[in-house]
Amino acid sequence: MASLASSLQSLKISSSPFTHGSTPLSSLSKPISFPNTRKPGLVPGIRAMKTMQGRVVCATNDKTVAVEVTRLAPHPKYKRRVRMKKKYQAHDPDNVFKVGDVVRLEKSRPISKTKSFVALPVLKRNDLGIPMESQQPSPPPGEE
């Protein structure tokens, strides 16, 4: 018995905050935080913009349009690509869009409980100011 007591004395654990159960949070060290090495004025942060394109299906509400977005996604069981439709509420501040218009939805801050997109007009190719090949004048037959 005496040898057991002497062996326990030799194995005496130094006092640690973890030996007697829980420890107060103030005695724990804080995790190391790394300083922000990016300079705010030089490099803009990467901000992913979510944009979608859809057709206006309801424009009766004031400053709001319902836009139906159609996308192709694989069927969960059969793996065939099927059309998936989803309706989004989008902000239309000037009430310019009518039913059937094709609009671009751009993610923004939440405007209301269901609206977090802004409806923007879709730019057509000829609205970019670049003439298409079919619109350019063809050279005379002798020059090419």
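A charge patch is made of residues with over 30% relative accessible area and no salt bridge, with like charges joined within 9 Å. In this predicted model, one such patch of positive charge lies on the surface, and Lys-50, Arg-71, Lys-86 and Lys-107 gather there. One of these residues, Lys-86, belongs to strand β3, which covers residues 81–91.

How far the model can be read depends on the part in view. Over the chain, the mean pLDDT is 78, and 55% of the residues reach 70 or more. Confidence is highest in β3, the strand that holds Lys-86, with a mean of 96. At the other end of the scale stands helix α1, residues 2–10, where confidence is lowest, at a mean of 62. Where pLDDT is low, the predicted coordinates should not be read in detail.

The loops next to strand β2 hold two further lysines with a notable backbone angle. Lys-63 sits in the loop between β1 (51–58) and β2 (64–74). Its phi is positive, about 65 degrees, although Lys-63 is not a glycine. Most residues other than glycine have a negative phi. Lys-79 lies in the loop between β2 and β3, and its phi is also positive, near 65 degrees, again in a residue other than glycine.

Are these two lysines exposed or partly exposed? Lys-63 has a relative accessible area of 39% and is therefore partly exposed, since that class runs between 20% and 50%. Lys-79 has a relative accessible area of 59%, which is over 50%, so Lys-79 counts as exposed.

Technical notes: Residues are numbered from 1 along each chain as its sequence is written. This is a predicted model: local features need pLDDT of at least 70, side-chain atom pairs count only at pLDDT 80 or more; totals for chains, interfaces and linings use all residues. Side-chain values use heavy atoms; hydrogens and water are left out. Patches are made of residues with over 30% relative accessible area and no salt bridge: like charges are joined within 9 Å, nonpolar side chains (Val, Leu, Ile, Met, Phe, Trp, Tyr) within 5 Å. Accessible areas come from the Shrake-Rupley method with a 1.4 Å probe; for residues, only the protein chains shown count as cover. A salt bridge is a side-chain nitrogen of Lys or Arg within 4 Å of a carboxyl oxygen of Asp or Glu. Lys and Arg count as positive and Asp and Glu as negative; His and the chain ends are not counted. The place of a charge is taken as NZ of Lys, CZ of Arg, CG of Asp or CD of Glu. Helices (H or I, at least four residues) and strands (E, at least two) are DSSP runs, numbered from the N terminus. Buried means under 20% relative accessible area, exposed over 50%, partly exposed in between (1.4 Å probe, protein chains only). pLDDT is the predictor's confidence in each residue, from 0 to 100.
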